[in-house]
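Here are three short exercises to work through with the model open in your viewer. Try each one before you read its solution.

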Amino acid sequence: MSRLEQFLDQTALEKLSDLNNTHINNIVEWVVELCKPAKISIITDDKNDIAYVRKLALDSGEERSLTINGHTIHYDGYQDQARDKAHTKVLLPEGKQLGRHINTIDRKEGLNEIFRLMDGIMQGKEMLVRFFCLGPLNSRFSIPALQITDSAYVAHSEDLLYRSGYEEFRKLNGSPDFFYFIHSAGQLDDRGQSKNINQRRIYIDLEENRVLTINNQYAGNSLGLKKLALRLAINKSNHEDWLTEHMFVMGIHPEGRKRTTYFTGAFPSACGKTSTAMIPGQTIIGDDIAYLRVYEDGSCHAVNIESGIFGIITDVNSVDDPLIYQCLTTPRELIFSNILINEEQPFWLGMGRDAPESGVNHSGNWFKGKKDHEGNEIPLAHKNARYTIRMRELDNVDPEAENPDGVQIDGIIYGGRDSDTNVPVCQSLDWDHGVFLGACLESETTAATLGKEGVRKHSPMANLDFVVVPLGKYISNHLKFGKRLKRKPMIFTTNYFLKGSDGNYLTDKIDKKVWILWAEARVHGEVDAIKTPIGYIPLYDDLKYLFKNVLKKPFTEKLYKQIFSIRVEKLLQKLNRIENIYKGEDVLEIFWDILVNQREQLQTAEVNYRTDMIQPDMFIDTV
Ligand code: SPV
Ligand code: MN
């Protein structure tokens with residue numbers, strides 16, 4: 001403790017010494033010496049400590065109160081509205097290789113660069129030290145996580161999104177077995193936003209289980225426990241025997257079913273993951289990140305590593321997402337980010353309410369027609385604007401959400417934003433084929449990452465942005481995981497984004513409820529399906545029944561044939577793209593066997609049926 005005594009007051013020193021962990025002391029001491037904050041506060045699980053952070057976020061101006069009790073608004077810089085993939089890099093030690101899909105920088109070079117940028121970066125600021133737990137408390141899934149930041153907004157957000165973990169750290173008994181994250185928003189401009197955005201860096205140090213992130217505020221870049229911890233956990237799990245996935249966890253409840261059936265679902269950012277987990281009538285455990293393990297009885301269990309939602313607010317309205325809308329319009333502790341505020345009232349894109357023509361948004365003072373430096377019109381709110389809430393406040397939270405053993409998973413969904421290739425729902429032929437379908441996931445880019453939207457990119461398991469082990473190893477790990485499962489979840493793909501030749505979506509947002517209920521019915525062996533080269537697809541009558549009974553709307557056979565046709569040429573083109581992606585990756589041989597077989601099956605079908613749009617009723621095998 002000796003050198004820390006120079007920096008910390010008595011209470012802070014006691015909070016640290018209570019943990020009896022020299023690794024933590026060394027980290028705090030090192031960060032203080034490097035970043036040179038003006039003040040240091042150690043935050044425990046005590047409610048007064050937590051309240052202190054909440055108040056600091058307001059006092060520092062990082063958040064501002066709104067009319068509804070507990071609601072605040074926070075702005076990230078104009079160029080810091082989404083994840084910065086280009087400046088997020090894995091530090092690569094000499095001699096190690098991760099393959100061409102992962103953004104890396106030589107470890108020594110990266111550390112030298114970022115340490116130089118971190119020198120004195122917290123001058124004049126207060127540094128907060130927080131302790132969290134990824135996953136439920138007292139669980140084999142849990143990983144303690146230490147967050148050091150000079151942003152009260154970051155520390156406050158994490159309070160809504162994660163479980164407090166000071167007590168978990170105490171249980172470590174001095175062990176270094178935890179993740180840690182150092183964040184600094186860097187120098188701020190007069191609106192309180194990171195000024196040196198060109199020196200934004202997010203460096204992932206797998207050797208030390210740590211991430212260093214500077215000159216940013218957007219949660220996907222700044223919050224240690226969100227996507228930064230996801231990357232460290234992917235590394236850890238892929239060197240052990242479990243999975244870390246970009247997945248929701250939800251309970252499905254069709255009418256009349258006595259037991260809850262749990263599914264996980266991986267979707268790229270802004271492709272319907274949260275709104276699937278929040279489908280009315282179902283229960284939510286998590287909406288973004290899950291850890292999966294094989295249990296003693298051979299079943300697959302999953303937990304949500306978070307305890308809150310950092311959700312996209314665009315298009316949340318009382319019709320499409322009634323549960324979230326209700327939550328955003330009633331008193332509770334909630335942080336809005338990057339939306340329009342007018343007279344202390346929040347407005348966002350697609351909220352289903354007339355918006356005013358001026359106010360304050362992510363660009364500062366805003367008026368309709370305002371343009372940015374590049375001459376682009378600034379919308380009233382950013383498309384990737386968000387809300388941050390605690391999960392436990394939702395009425396639809398599943399009773400098992402805090403179970404240290406997680407829940408048993410019977411279905412896994414992979415879904416992408418795909419306008420022209422895949423059917424709305426399909427069940428894989430078996431586990432390995434399901435892993436293959438997950439590995440083949442493609443999606444059109446969205447506002448959740450910086451850069452152009454609508455560009456088709458491969459997105460294996462919706463996790464590519466976060467995979468920090470060679471892609472082949474990551475996929476092989478799923479194949480091996482399945483081998484150890486005695487009770488394998490069924491694997492499905494979904495596609496909510498199929499478009500017609502006029503460019504309009506062919507299905508409604510709410511139709512996803514039918515696809516999910518069909519998948520659940522398959523798990524229970526209640527519906528037959530048609531066997532096609534890409535997997536099992538629904539029979540028309542079963543969907544018609546679900547549309548009528550669940551959504552109270554018709555579903556025509558014409559539409560069914562259009563959306564469930566197997567688009568052979570498109571699928572073959574996709575297979576070629578996938579082959580190129582995995583070429584040179586060290587993936588288990590079975591992966592290539594499935595790819596070759598898939599191609600042959602599609603080619604044969606095209607010849608046999610003499611069309612490259614094979615309608616579902618042309619296939620004869622039902623199972
Ligand atoms: C995502 O982009 O996948 C999110 C939000 O869940 S972020 O925190 O930016 O990662
Ligand atoms: Mn996400």
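Before starting, one definition: two strands count as paired if DSSP finds at least two bridges between them. Keep in mind, too, that this is a predicted model.

**Exercise 1.** Work out which strands stand at the edges of the open sheet of five strands.

*Solution.* Start with the strand order, which is 2-3-19-24-18, with mixed pairing. Strand 2 (64-65) and strand 18 (308-312) each have a single partner strand, so these two are the edges, and one side of each lacks a neighbour in the sheet. Now look at strand 3 (residues 71-74) and strand 19 (residues 334-337): they run parallel and pair over four bridges. Within that pair, Thr72 sits opposite Ile335 of strand 19. Finally, add helix 6 (residues 152-161), which packs on the sheet and touches strand 3, strand 18, strand 19 and strand 24 (386-390). Its direction makes about 55° with that of strand 24.

**Exercise 2.** Find the residues that coordinate the manganese ion (ligand 2).

*Solution.* Pick out the donors: Lys227 (NZ), His246 (NE2) and Asp288 (OD), at 2.2 to 2.4 Å. Along the chain they follow the spacing K-x18-H-x41-D. Next, place two of them: Lys227 is in helix 9 (residues 224-238), while Asp288 lies 61 residues away, in the loop between strand 15 (283-286) and strand 16 (290-294). Both Lys227 and Asp288 are buried.

**Exercise 3.** Is Arg3 buried or partly exposed?

*Solution.* Locate Arg3 in the segment before helix 1 (4-7). Its relative accessible area is 37%; buried would need under 20% and exposed over 50%, so Arg3 is partly exposed. Beyond its sequence neighbours, Arg3 touches Glu29 and Glu33.

Note on methods: Residues numbered from 1 in each chain as written. Chains lettered and ligands numbered in written order. Predicted model: local features only at pLDDT ≥ 70, side-chain atom pairs only at ≥ 80, totals over all residues. Heavy atoms only, no water. Contact = heavy atoms within 4.5 Å. Axes fitted to C-alpha atoms, helices over the stretch in contact; angles between N-to-C directions. Buried < 20%, exposed > 50% of the residue type's maximum accessible area, 1.4 Å probe, protein only. Donors = N, O, S within 2.8 Å, 3.2 Å for Na, K, Ca; no water. Lists of a residue's contacts leave out its neighbours within four places in sequence.
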